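Subject: A structure for you to explore

Hi there,

Here is the structure I promised to pass on to you. Have a look around it, and then read on for what turned up.

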Amino acid sequence: MKLLHRSFSSFPSSPLQTFLTIPQLCSNGRLQEALLDMAVLGPNMLGFHDYDALLNTCVNKRALREGQRVHTHMIKTSYFPPTYLRNRLLIFYGKCDRLADAHKVLDEMPDKNVVSWTAMISRYSQTGHSSEALTLFAEMMRADGKPNHFTFASVLTSCSGLSVFQKLLSQGMSPNYVTYASVLTALSGLALLDHGKQVHCHVLRRELPFYAVLQNSLIDMYSKCGNLSYARRLFDNMPETERTSVSWNAMLVGYSKHGLGKEVLELFGLMREGKRVKPDSVTLLAVLSGCSHGKMEDTGLSIFDGMIAGDYGVKPDTEHYGCIVDMLGRAGRIEEAFEFVKRMPSEPTAGVLGSLLGACRLHVSVDIGEAVGRRLIEIEPENAGNYVILSNLYASAGRWEDVNSLRAMMLRSAVTKEPGRSWIQHEQTLHYFHANDRTHPRREEVLAKLKEILMKMKQAGYVPDHSCVLYDVDEEQKERMLLGHSEKLALTFGLIATGDGIPIRVFKNLRICVDCHNFAKIFSKVFEREVSLRDKNRFHQIVGGVCSCGDYW
């Protein structure tokens, strides 16, 4: 009867009293009450979102016994968890340093995906079990798994820990320029500058002959790792006769991703001036993107008109059309962008509509945004990003009933949002942070330092942007939520872990919010650090409080 007490007494006795679901209890930090409800509810009474909330809370708290209870409940009630929840179990055991249990979960998974493999490989790598990480990676390859950038990051970290590359060399392995180019390509996608420099040193020591493929990989690696000045030096030192469209494109894309529209146009002018290399589709996409991020929409429209007229020998495809929509949207020309979409020669893709929806969110164009968002949900009902952006748009306009309705639709459709996370590399290890993360081994130190940083930041003029909080809560709670964003945690760790004057490089899987961008700018000025932030869409090089994106991204 004791177990039933909270469950029955929690039902509303008056219109003001509401019953809290298990996800709501977990989000309010009431894990033990949520576990009581789990125990009371019989078979088939708990669903995906209940288990997801419970496991996520156990992961964040590193609550081993509680997480084991959740896992046991699944088994006893014959609940067959989908791959996503099995991955959460794997991550839970890994975070609690129960690596054998985590590996057992992996072994028992009927359908392993890249997240399953990578989570286990990453945990082995982070805990110093390099041999196990590499063995598991080999098993993944034998199982026809498809590694992503995060998989390679963990594998390369393990390789570094075993200094392995040197062993292979000492045992007679003779890598050629193709080997080095392949390694550099992987590193560029991971933005691991230190590793890339080490590979570059190997190339220089071996005094390999000049190979355009290898030089292009080096330019691409340095560009994507945020060192544009060195990438340009390599580009300028290439014999002009050896530069291919790949060489030019690597440099153009680098400038474009950093929001340096002026540099993009200057380099594009040099490319056309030489007339030895013709621009291709990638070239024009980089140029249009540079115009978009560089607030040069009229120039971009002129170049696009030239493509239509055949001036460049490249006909625009869907990506080029999408770039124009993005360009007009960023400039606040929402209605013009909407009309441009209507005139497209083919049906607009989800990517094109997504760019327009993002612009509507940025400039709070509710009517057009609502029409575009609803259409996107019809096209991609499983894409959580569409629901989130439309929800954000409603929240910005104070339409909280529509926000709740949309979230309810997500729950009914079992759509899950990719959680935001940031990471920073330190001493050959990747340190990951989630929003309000309390799982990092130095979490108490990070949180204490963050409070100290906030005081100095406010004295320097930082004012939290509460519009970035998309929940109808009081101002104090909004500030706490903003302070827990993963970028701020990673920046704080970087300040703790690195010496004075050392640049801090942070990476994020989603787009950085306005508040975190403002925070990073003032952070760089107050602590006299160069800050490099690479989010899902682009790079932000911040020096002395000024960002390369010009606050336009």
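Let's begin with Ser-78, which counts as exposed because its relative accessibility is 65%, and the cut-off for exposed is over 50%. You will find Ser-78 in the loop between helix H5 (64–76) and H6. Its phi angle is near 55°, a positive value in a residue other than glycine. Please keep in mind throughout that this is a predicted model.

Val-364 is another residue to look up in this respect: phi there is near 50°, again positive in a residue other than glycine. Val-364 sits in the loop between helix H22 (350–362) and helix H23 (366–379). With a relative accessible area of 41%, Val-364 is partly exposed.

**The overall picture**

How many helices and strands does the chain have? There are 29 helices and six strands. The chain is made of 553 residues, and 48% of them count as buried. Now take the contacts in the chain with a separation of 6 or more: residues 24 or more positions apart account for 62% of them.

**Helix H8**

Helix H8 covers residues 114–126, and Thr-118 is part of it. Is Thr-118 buried or exposed? Thr-118 is buried, since its relative accessible area is 10% and anything under 20% counts as buried. Setting aside its neighbours within four places in sequence, Thr-118 is in contact with Asn-148, Phe-150 and Thr-151. With Thr-151 there is also a polar contact between the two side chains, at 2.6 Å.

Arg-123 forms a salt bridge with Asp-97, and their closest N and O atoms are 2.9 Å apart. This pair links distant parts of the chain: Arg-123 belongs to helix H8, while Asp-97 is in the loop between helix H6 (83–95) and helix H7 (99–107), 26 residues apart. The two partners can be looked at in terms of accessibility as well. Arg-123 is buried, with a relative accessible area of 12%, whereas Asp-97 is partly exposed at 47%.

**More salt bridges**

Why do such pairs form? Side chains of opposite charge can pair when their charged atoms come close. The structure holds 21 salt bridges, and here are some to find on your screen.

- Glu-339 and Lys-342 meet through their side chains in a salt bridge, 3.3 Å from N to O. Because they are three residues apart in helix H21 (residues 334–342), about one helical turn separates them. Glu-339 is partly exposed, with a relative accessible area of 37%, and Lys-342 counts as exposed at 53%.
- Arg-399 and Asp-402 also join their side chains in a salt bridge, with 2.7 Å from N to O. Arg-399 is partly exposed at 27% relative accessible area, and Asp-402 counts as partly exposed at 25% relative accessibility.
- Glu-297, Asp-298, Arg-333 and Glu-336 are linked in a network of salt bridges.

**Two asparagines and their partners**

Asn-392 lies in helix H24 (residues 384–396). With a relative accessible area of 15%, Asn-392 is buried. Which distance separates the C-alpha atoms of Asn-392 and Arg-361? The answer is 6.9 Å, for two residues that are 31 residues apart along the chain.

Asn-518 has its place in helix H29 (residues 514–526). Asn-518 is partly exposed, with a relative accessible area of 26%. Its C-alpha atom is separated by 8.8 Å from that of Asp-551, and these two are 33 residues apart along the chain.

**A look at the cavities**

The structure holds two cavities of 30 Å³ or more. The second largest has a volume of about 40 Å³. Which residues line the second largest cavity? They are Phe-433, Asp-437, His-440, Arg-443, Val-446, Leu-447 and Leu-489. By type, the lining divides into four nonpolar residues, one polar and two charged. Helix H26 (residues 443–459) gives the most to this lining, with three residues.

Enjoy exploring, and write back with any questions.

Best wishes

How values were computed: Residues numbered from 1 in each chain as written. Predicted model: local features only at pLDDT ≥ 70, side-chain atom pairs only at ≥ 80, totals over all residues. Heavy atoms only, no water. Helix = DSSP H or I, 4+ residues; strand = E, 2+ residues; numbered from the N terminus. Buried < 20%, exposed > 50% of the residue type's maximum accessible area, 1.4 Å probe, protein only. Polar contact = N/O pair within 3.5 Å; in protein donor to acceptor, adjacent residues only side chain to side chain. Contact = heavy atoms within 4.5 Å. 1 Å grid on protein atoms, 1.4 Å probe; cavity = no way out; pocket = protein on both sides within 12 Å on 5 of 7 lines; lining within 4 Å. Points joined across faces, edges and corners; volume = space filled by probe spheres on them. Nonpolar A, V, L, I, M, F, W, Y, C, P; charged D, E, K, R; others polar. Salt bridge = Lys/Arg side-chain N within 4 Å of Asp/Glu carboxyl O.
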